[in-house]
Amino acid sequence: MGRNLFYGSIPRELGSLTDLQIALNLSFNKLTGEIPSQLSNVVMLEFLLLNSNDLSGEIPISFANLSSLFGYNFSYNLTGPIPLLHNMSISSFFGNKGL
């Protein structure tokens, strides 16, 4: 779902996709608002790509419980603190003001 010019907020209902395993790619859209904490319900998710949107706020602290994540990208979006995440890479946070 990346690069589709989606706009608006990330639907909280995506958190009910509990069988989603490989990846959730919402990068390079025009999404706004905060990252819904309900996404932490997708416990088997391996890759979460939210980079290059217009998101604001913080990465939900509940994301620290997503132990299946091999990779994620939050770059060019956010302004809040970063919770301790598994497999942290500084490049996943480039371009975030105030982090």
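How many helices and how many strands does the protein chain have? In this predicted model, the protein chain has zero helices and six strands.

**Figure 1. Overview of the protein chain and its order of elements.** Read from the N terminus on, the elements follow the pattern β-β-β-β-β-β. The protein chain holds 99 residues, and buried residues make up 40% of them. Its accessible surface comes to about 5,500 Å². Carbon and sulfur atoms contribute 56% of that surface. Among contacts with a separation of 6 or more, 41% join residues that are 24 or more positions apart.

**Figure 2. Close-up of Asn51 in the loop between strand S4 and strand S5.** Strand S4 covers residues 47–49 and strand S5 covers residues 54–55, with the loop that holds Asn51 between them. Is Asn51 buried or exposed? Asn51 counts as buried because its relative accessible area is 8%, and the cut-off for buried is under 20%. Leaving aside residues up to four places away in sequence, Asn51 touches Ser27, Phe28, Asn73, Phe74, Ser75 and Asn77.

**Figure 3. Close-up of Ser27 in the loop between strand S2 and strand S3.** The loop that holds Ser27 lies between strand S2, residues 23–25, and strand S3, residues 30–33. Ser27 is buried, because its relative accessibility is 5%. Ser27 is also one of the residues that Asn51 touches.

**Figure 4. Close-up of the pair Ser27 and Asn53.** Along the chain, Ser27 and Asn53 are 26 residues apart. In the predicted model, a distance of 6.5 Å separates their C-alpha atoms.

Definitions and conventions:
Residues numbered from 1 in each chain as written. Predicted model: local features only at pLDDT ≥ 70, side-chain atom pairs only at ≥ 80, totals over all residues. Heavy atoms only, no water. Helix = DSSP H or I, 4+ residues; strand = E, 2+ residues; numbered from the N terminus. Buried < 20%, exposed > 50% of the residue type's maximum accessible area, 1.4 Å probe, protein only. Contact = heavy atoms within 4.5 Å. Areas by Shrake-Rupley, 256 points an atom, 1.4 Å probe, with all protein chains shown as cover.
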